[in-house]
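Student: I would like to learn how to read a protein model step by step. Could we go through one together?

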Amino acid sequence: MARDLKYTRNIGIMAHIDAGKTTTSERILYYTGKNYKIGEVHEGAATMDWMVQEQERGITITSAATTAFWNYNKEQYQVNLIDTPGHVDFTVEVERSLRVLDGTVATFCAVGRVQPQSETVWRQADKYRVPKLAYVNKMDRVGADFLAVIDEMNSKLGAHAIPIVLPIGAEDKFEGIIDLISRKAYYYEQESKDLINYVIKEVPRAMEAEVDEWRGRMIESIAEYNDSILEKFFEGPDSITEDEIIDTLRKATIDMAVVPTCCGSSFKNKGIQYLLDSIVRYLPSPLDIGDVKGINPDTDKEVIRRANIKEPFCGLVFKIATDPFVGRLAFIRAYSGKLDAGSYVLNTRSGKKERVARLYQMHSNKQNSIDFVEAGDICAAVGFKELRTGDTVCEETHPIVLESITFPDPVIGLAVEPKTQKDLDKLGLALSKLSEEDPTFTVKSDHDTGQTIISGMGELHLEIIVDRLRREFNVEINQGAPQVNYKEAIRSSVQHREVFKKQTGGRGKFADIIVEIGPADEGVTGLQFVDQVKGGNIPREFIPSVEKGFKAALSNGVLAGYEVTSLKVILKDGSFHPVDSDGLSFEICARYAFRKACPKANPVIQEPIMSLEVVTPEDYVGDVIGDLNKRRGQITNMDSKGNARIVKAKVPLSEQFGYVTVLRTLTSGRATSTMEFSHYTELPPNLAKEVIERAGGKKFSDDSDE
């Protein structure tokens with residue numbers, strides 16, 4: 001019999017680094033009976049941080065999936081949980097997890113409050129319209145302030161956060177929480193790890209007025225979702241039932257109108273059972289999210305699939321992982337229908353049928369074999385040959401393409417080579433597996449030097465990749481200094497005629513095109529190609545070859561060989577030869593046109609600019625700002641939080657290598673910094689000259705395409 005989907009929750013835990021996501025995940029696994037003992041992050045024993053690198057550094061690098069069960073109101077709920085990383089270098093893991101989740105628990109540190117990466121993950125959740133429940137962790141720490149976190153969520157994130165609990169005490173006097181809905185106080189036994197480690201009492205007299213005030217605010221916030229609640233509220237708040245409040249709060253949460261916020265201390269085992277109850281109460285099931293929309297690739301019309309096992313199967317591949325024992329694992333979120341192990345599915349990107357050899361339910365890096373997967377579930381499959389992150393898999397007779405996942409471009413590169421020649425093939429294989437797993441990690445060869453350049457989202461990202469090469473794939477490598485991934489662009493338009501002729505005895509090559517090359521329209525990336533050829537001067541079948549030639553040329557700019565971010569090409573006119581013209585002639589002609597026209601179109605080098613946030617004690621603010629000015633940084637904002645000052649700045653990535661070490665020295669180790677990619681901007685002419693000289697300029701010979 002099919003499982004009722006209203007008892008399923010697909011949720012993720014997202015937060016800034018060090019807010020306690022993994023510690024919270026471990027407690028959830030413990031209290032749901034999934035783990036018989038609690039794994040601690042600081043001891044390197046957390047279940048969800050299974051990679052050696054995660055255990056050593058105490059950070060999450062790869063999102064881990066698991067399934068747990070929780071009993072609420074005498075019903076059993078299945079919670080599919082994904083623990084995502086907090087470090088900005090691994091933002092791809094958060095992005096792809098949020099794409100397939102129905103709800104998320106946004107975790108905040110009660111002391112750090114809303115931090116830079118909290119803002120990033122919040123924006124990502126908004127982008128995919130994922131309803132949120134907030135959990136303020138670390139209430140036992142010095143400086144913890146629950147209501148200050150709520151204020152910052154509302155002011156910095158534009159959230160409508162409403163507390164559904166109030167803390168009893170804070171810091172070392174944090175004893176428990178008061179549930180504003182039931183007006184009951186939960187007192188937790190100090191450090192106890194028992195499954196029921198709390199006692200329920202009446203609200204302390206000293207807090208009654210505060211509880212009434214915040215309960216009233218909560219009911220007002222959700223009243224527009226239920227008229228009868230508001231009427232009863234004016235009669236007297238006691239006339240409203242708990243079930244009415246919970247149902248209304250659930251509707252408002254799923255509609256993304258409010259963010260219910262609870263608190264606790266995961267490390268001290270306080271507040272976890274209440275958090276699990278809240279996940280089940282307020283976060284949506286696959287049925288609440290509604291139908292999934294896609295495009296039929298054969299007709300280009302919109303298709304709708306319901307979260308029902310009677311519908312044709314469709315699912316989205318949101319992650320590829322390599323497992324040493326079972327091989328390539330494709331993580332799939334099933335949106336409709338049912339998929340049996342051993343059956344065939346269609347990959348709509350490649351148009352090919354693929355066999356699903358085996359299906360697994362994941363528990364971190366361990367797999368439990370299952371016979372089938374149904375709508376609303378998350379599983380891992382083995383046996384696929386050509387699947388990539390973002391691919392749609394579906395029944396062959398009912399094709400559908402779901403919205404894919406977009407990933408940012410890598411901003412930093414590193415030249416690598418194996419220490420011994422015999423490891424050359426091993427390195428190639430390892431890098432291709434790693435780039436399959438992580439769409440923000442790319443590998444390419446430099447044509448001029450023959451070096452292999454790996455690129456990623458930051459220094460830590462590449463450091464982890466190099467470490468994985470050594471440990472997982474047994475490849476020892478030499479590495480160069482990190483390099484910035486510059487881009488090229490043009491600032492003005494130019495008209496150009498290119499005639500390509502080659503006579504080598506027998507049939508020759510001929511193509512003639514007149515094009516206007518200029519900057520692309522705002523918001524367009526890559527090639528914007530406009531065909532304005534009239535009267536058949538260039539036959540229709542050769543036009544795509546011209547476009548293909550320009551597209552290929554974009555990967556190699558005319559100044560220093562960096563990728564060209566965007567370009568508009570208007571094909572105005574041209575001519576052809578009835579015998580000598582073919583697709584290849586027009587493709588080569590387009591490449592030559594690009595190389596000869598771009599130098600006349602005011603080409604520039606662009607550099608990546610990073611958003612930097614430094615939290616430093618007051619005494620060191622002057623030194624930090626002075627150092628940022630030397631690094632061509634622009635201070636965008638300064639703020640105070642307690643005794644610390646927050647300095648926000650935009651700084652070029654090229655000036656930021658090794659910054660963490662310098663910052664430690666400047667502030668005696670008391671400041672912290674976080675950095676994420678912001679945008680590309682034009683490099684000043686004197687620095688652009690250096691970059692071009694370092695790249696050795698670009699000298700093209702006329703026969704370089706042959």
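**Reading the model, feature by feature**

Tutor: Let us begin with the surface: the protein exposes about 31,100 Å², and carbon and sulfur atoms supply 48% of that area. Please keep in mind throughout that this is a predicted model.

Student: What share of the residues of the protein counts as buried, and how many helices and strands are there?

Tutor: Of the 706 residues, 55% count as buried, and the secondary structure comes to 17 helices and 38 strands. You can also ask how contacts relate to the sequence: among contacts between residues at least 6 apart in sequence, 72% join residues at least 24 apart.

Student: How should I read a sheet, and which strands stand at the edges of the one that contains β12?

Tutor: The general idea is that strands of a sheet pair through backbone hydrogen bonds, either parallel or antiparallel. Here, an open sheet of three strands has the order β13-β12-β24, and its pairing is antiparallel. The strands β13 (302–305) and β24 (401–402) stand at the edges with a single partner strand each, so one side of each is left without a neighbour in the sheet. Looking at one pair in detail, β12 (residues 292–295) and β24 are joined in the antiparallel sense over two bridges, and I295 stands opposite V401 in β24.

Student: What is the order of the strands in the open sheet of four strands?

Tutor: That open sheet has the order β31-β32-β34-β33, and its pairing is mixed. At its edges stand β31 (494–502) and β33 (526–531), each with a single partner strand, so one side of each has no neighbour in the sheet. From one strand to the next, the twist averages 30°. Within this sheet, β32 (residues 509–518) and β34 (residues 566–575) run antiparallel and are joined by seven bridges, and the bridge partner of I517 in β34 is V569.

Student: Which strands do helices α13 and α14 meet in that sheet?

Tutor: Helix α13 (residues 543–553) lies across β32, β33 and β34, and runs at about 155° to β33. Helix α14 (residues 583–597) packs on the sheet as well, touching β31, β32 and β34, and its direction makes about 40° with that of β32.

Student: How should I read two helices that pack on each other, and at what angle do α1 and α9 pack?

Tutor: Two packed helices are described by the angle between their axes and the distance between the axes. In this model, α1 (residues 21–31) and α9 (residues 272–282) pack at an angle of about 85°, with their axes 10 Å apart. An angle from 65 to 115 degrees counts as roughly perpendicular, and α1 and α9 are therefore roughly perpendicular to each other. As for the residues that make the contact, T24, R27, I28 and Y31 in α1 meet I272, Q273, L275, L276 and I279 in α9.

Student: Is strand β15 largely enclosed or open, and why?

Tutor: A residue counts as buried when its relative accessible area is under 20%. Eight of the ten residues of β15 (residues 327–336) are buried, so this strand is largely enclosed by the rest of the structure. Five bridges join β15 to β22 (residues 378–382), and the two strands run antiparallel; in β22, the bridge partner of F331 is A380.

Student: How many disulfides does a search of the whole structure find?

Tutor: The search finds zero. The sulfur of C263 is 7.1 Å from the closest cysteine sulfur, which belongs to C262, and that is too far for a bond. Likewise, the sulfur of C314 is 7.2 Å from the closest cysteine sulfur, in C394, again too far for a bond. With relative accessibility of 1%, C263 counts as buried, and C314, at 0%, counts as buried too.

Student: Finally, how do I read a loop, and which residues does K419 touch?

Tutor: Start with its place, and then look for partners elsewhere in the chain. K419 lies in the loop between β25 (412–418) and α11 (424–437), and, not counting residues up to four places away in sequence, K419 touches E476, I477 and N478. The C-alpha atoms of K419 and E476 are separated by 5.8 Å, although the two residues are 57 residues apart along the chain. D423 is found in the loop between β25 and α11 too, and D423 is buried, with a relative accessible area of 9%. Leaving aside neighbours within four places in sequence, D423 is in contact with P418, N474, V475 and E476.

Technical notes. Residues numbered from 1 in each chain as written. Predicted model: local features only at pLDDT ≥ 70, side-chain atom pairs only at ≥ 80, totals over all residues. Heavy atoms only, no water. Contact = heavy atoms within 4.5 Å. Pairing = 2+ DSSP bridges. Buried < 20%, exposed > 50% of the residue type's maximum accessible area, 1.4 Å probe, protein only. Areas by Shrake-Rupley, 256 points an atom, 1.4 Å probe, with all protein chains shown as cover. Disulfide = S-S within 2.5 Å. Axes fitted to C-alpha atoms, helices over the stretch in contact; angles between N-to-C directions. Parallel < 35°, antiparallel > 145°, perpendicular 65-115°, else oblique.
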